[in-house]
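Welcome! Here is a short guided look at a protein model, meant for someone meeting it for the first time.

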Amino acid sequence: MKGRYQNNTVIFIIVYFFIFPSLIHAAQQKIKITAENAAVRAKPDIESQVIKLMNRGDVLELKGKTNEWFQVSIFLEDKGIEVLGYIHPSLVSEMEELSIEQEGIEKRVPEEKRGEVYSPGIGFKKAQKRTWVGLKFKGGASYILADDINEGTQGFDSIWKNELSYTGAGIEGELTPFHIVYDFEADIIFYVFPNVGIGLGSGYLFGNQNNEMRLTLPSGEGPWVIRPELKVVPLKAGLYFLIPIGGESYFTLDAGAGWYNVNYIWHWRGENGSGYWAEMNQEASAQDIGYHAGLGFEIGLGSHFAFLIEGRARYVEISGFEGTLEYKDSSGDSDLVKGKLYYWKEWIFTEKYTFVFISETDTPSFTGLTTAEHVREAVVDLTGFSLQAGFKIKF
C-alpha cells in the first residue's frame, strides 16, 4: 500500500513539473509583431487575402502552426467577430510564457466582446477596406459603323451633284462619313464578392456630322448643308470583374447587355444665293437590345477613389424607326410625311443611288417615277468601340 502511494506521488510530480507547464505554456503562448505593418491572411499563403493589417508591437495569441505559418486569433472590431488567420514568422517574434496577471493585462479584447470564431476561409480582403459599392463616372468618344446613315446621305448628295452638273451648277465640297459620337456613362456596382460585382448603369451618346458645302449656280451661290445626328440613351446591366495588379490597382473586365433608346435626326438645307432656300428635316426613334464588353485599368488613389481608363466593344443594330419627314421652302411649299424609316436603292437615269428616308408605304421612291430595289427597314448601326476615362468612388 505504501509502495503504491509512493508510485502515485512520483507520477504526479512528473506530470506537474514536466507536462503541465508545457500545456500552460502552449495555452498562453503569444507572438509579437516586429514589422512596421504585418498582414494577417486568410490562408498560409503569401497570395491569400488579407484579413487585417497589424502594427508593430501588437500581440497576438498563437493557436498553432501550418506550413511554417503561425495560426493566430484576431478580433475584427468593425465586424464584432473573432477570426482565425495566418501570419508569416518573419513578421513576428515569439514571447516568453506569460503569468496569469500578464495574460490579463495583455489581452487586447475582452471576452464578453468576442463573437463566434470563424474559419480562416472567410472571404475578406482587407476587412477594414472592403468595397461593397462602387460608383463609376466616365466619358470619351466612340467610333460607330452607321452604314445605312452614311450610304443614304451619300446617295442624296450624289444625285444632286450629278443632276446639277447638267445645268452648269455644282456643289463644292465632299461629305465626311459619320462615325464619331461622344460617349458618357455612369454605373453603380454592387460587389457580391470582393472582386466580382453586378452593375447597373446608363449613359448618353451624342454626335453629328455637319457637312457644310457650297451650292454654285449661274445666279449666285449659297450654303449646302447636310447633317445626320444621333442621340442615344442606353440602360445597361452587366458583370464586373477586378483582377489585382498591386496595391489598390486592378485590371478590369466587364460584359453585359443594354436597352438602347435611339433618336435619329437628319437635316438638309440648300440656298441659291438669291434668297431662295429649301430644306428637309426628318426625325425618327426606335429601341432595341444591344451587347457590350470592356476591359481597362483602375488605378487606386487611396482606399475610396480610383482613376480609370477603359475600352469597350459594342454590338448594337437598331431598326423599326418611326417618325416624320418634313419638306419646306421659301416659296411656301411644304409637305409632311409620317411613317417608317426605309433603306432602298433606286435607278435614276443611268445611275443607281441609295436612299434612307421616311416613307408612308413599304414601296418608297425618291422620284416617284422609278421602282425601288432592296427595300428594307433602315438600320442605325451603333456597333463599334469606345475609349473612355473617368474615376470611381468606392464605399
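Strand β17 gives the most to the nonpolar patch of this predicted model, with 3 residues. The patch covers about 910 Å² of surface and is made by F137, I245, F297, I299, L301, F305, F307, I309, L387 and F391. At least two residues each come from β16 (277-300), β17 (305-315) and β24 (384-394). Another member to look for is F137, which you will find in strand β9 (residues 133-144). F137 has a relative accessible area of 35%, so this residue counts as partly exposed.

Next, the largest pocket. Its volume is about 610 Å³. There are 30 lining residues, and those closest to the centre are F156, W160, M280, Y327 and F366. Which kinds of residue make up the lining of the largest pocket? The lining divides into 18 nonpolar, 8 polar and 4 charged residues. Helix α3 (147-165) supplies at least two of the lining residues, and so does each of the strands β13 (211-217), β15 (249-271), β16, β19 (322-329), β20 (334-348) and β21 (351-359). You have now met β16 twice: this strand supplies residues to the nonpolar patch and also to the lining of the largest pocket.

Now for the charged side chains. Side chains of opposite charge can pair when their charged atoms come close. The count for this model comes to 25 salt bridges. Three of them are set out here:

| Salt bridge | N to O distance | Relative accessible area |
|---|---|---|
| E36 and R56 | 3.1 Å | E36: 52% |
| D148 and R376 | 2.8 Å | D148: 6%; R376: 34% |
| K231 and E229 | 3.9 Å | K231: 32%; E229: 12% |

How many residues apart are E36 and R56? They are 20 residues apart and link distant parts of the chain, with E36 in the loop between β1 (30-33) and β2 (37-41), and R56 in the loop between β3 (50-55) and β4 (59-66). The pair of D148 and R376 also links distant parts of the chain, 228 residues apart: D148 sits in helix α3 and R376 in strand β22 (residues 372-377).

Is E36 buried or exposed? With a relative accessible area of 52%, E36 is exposed. D148, in contrast, is buried at 6%, while its partner R376 is partly exposed at 34%. In the remaining pair of the table, K231 is partly exposed, whereas E229 counts as buried.

Finally, salt bridges can join up. K136, K138, E185, D187, K236, D254, E310 and R312 are linked in a network of them.

Key. Residues are numbered from 1 along each chain as its sequence is written. This is a predicted model: local features need pLDDT of at least 70, side-chain atom pairs count only at pLDDT 80 or more; totals for chains, interfaces and linings use all residues. Side-chain values use heavy atoms; hydrogens and water are left out. Patches are made of residues with over 30% relative accessible area and no salt bridge: like charges are joined within 9 Å, nonpolar side chains (Val, Leu, Ile, Met, Phe, Trp, Tyr) within 5 Å. Accessible areas come from the Shrake-Rupley method with a 1.4 Å probe; for residues, only the protein chains shown count as cover. A salt bridge is a side-chain nitrogen of Lys or Arg within 4 Å of a carboxyl oxygen of Asp or Glu. Helices (H or I, at least four residues) and strands (E, at least two) are DSSP runs, numbered from the N terminus. Buried means under 20% relative accessible area, exposed over 50%, partly exposed in between (1.4 Å probe, protein chains only). On a 1 Å grid over the protein atoms alone, a cavity is a set of points where a 1.4 Å probe fits but cannot get out, and a pocket is an open set with protein on both sides within 12 Å along at least five of seven lines; lining residues have an atom within 4 Å of a point. Grid points are joined across faces, edges and corners, and a volume is the space filled by probe spheres set on the points. Ala, Val, Leu, Ile, Met, Phe, Trp, Tyr, Cys and Pro count as nonpolar, Asp, Glu, Lys and Arg as charged, and the others, Gly among them, as polar.
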